[in-house]
Amino acid sequence: MPHLDAYIERYSRQDNVRLYKGISQADINRFGELLDAEFGDEKIDLVIDDASHQYLETLLSFNLVFPRMSEGGVFVLEDWQWSTMEEHYNSDYFEGKKALANLVLQCVMSCACRPDIVREVIEKNHSAMVVRGEAELQSGAFDITEIARNRGEIVPLML
């Protein structure tokens, strides 16, 4: 992340951009502690998830953060399309892994089922922007996989 480090330094963004390196996004206990320390009860307007690109890890962090977001807040899933590109899905890094595209599909289905939770999903240039609805959600009790339904049944992982 040298480019991001340089950006923060060059534009004096240390007060509003903090990087926590070496922490897995799947370590939701540590991640939750950092969210509490940085935001307390304040709602979050923007999250850019450009971390592991793995389904399980990203699902865990999405489920933790999304309830803490403001109405109209945007959770950006970067590089979710790797399972559609041969040079990526044949790599050792993604071998045997569930596609992050599953989470995008779950968000789309949730938008159809519960627009009060997921107001909108916008895909642009390999970024999926998930817009938060107005519903009250409990952090720690939220699971997008329980909301994404088709004919009343939970949408299974497809990719």
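Me: Why is F62 called buried in this predicted model?
Reply: Buried means under 20% relative accessible area. F62 has a relative accessible area of 0%, so F62 counts as buried.

Me: And what makes F66 buried or exposed?
Reply: The cut-off is again under 20%. F66 comes out at 0% relative accessibility, so F66 is buried too.

Me: Why is the aromatic pair of F62 and F66 called stacked?
Reply: Ring centres must lie within 6.5 Å to pair, and planes under 30 degrees apart count as stacked. For F62 and F66 the centres are 4.7 Å apart and the planes make an angle of 20°, so the pair meets both limits and is stacked. Ring pairs also link F62 and F66 with F75 and F142 into a cluster.

Me: How do you know that the charged end of R132 sits over the ring of F66?
Reply: The distance limit is within 6 Å of the ring centre, alongside a limit on the angle to the ring normal. The charged end of R132 is 5.6 Å from the centre of the F66 ring, and it is listed as sitting over that ring.

Me: What makes C113 partly exposed?
Reply: Partly exposed lies between the 20% and 50% limits. C113 has 35% relative accessibility, so it falls in that middle class.

Me: How do you know that C113 is in no disulfide?
Reply: The search of the whole structure finds zero disulfides. The cysteine sulfur nearest to that of C113 belongs to C111 and is 9.3 Å away, whereas a disulfide needs the sulfur atoms within 2.5 Å.

Key. Residues are numbered from 1 along each chain as its sequence is written. This is a predicted model: local features need pLDDT of at least 70, side-chain atom pairs count only at pLDDT 80 or more; totals for chains, interfaces and linings use all residues. Side-chain values use heavy atoms; hydrogens and water are left out. Buried means under 20% relative accessible area, exposed over 50%, partly exposed in between (1.4 Å probe, protein chains only). Rings of Phe, Tyr and Trp (its six-membered ring) pair if their centres lie within 6.5 Å; planes under 30 degrees apart count as stacked, over 60 as edge-to-face and the rest as tilted. A charge sits over a ring if NZ of Lys or CZ of Arg is within 6 Å of the ring centre and within 35 degrees of the ring normal.
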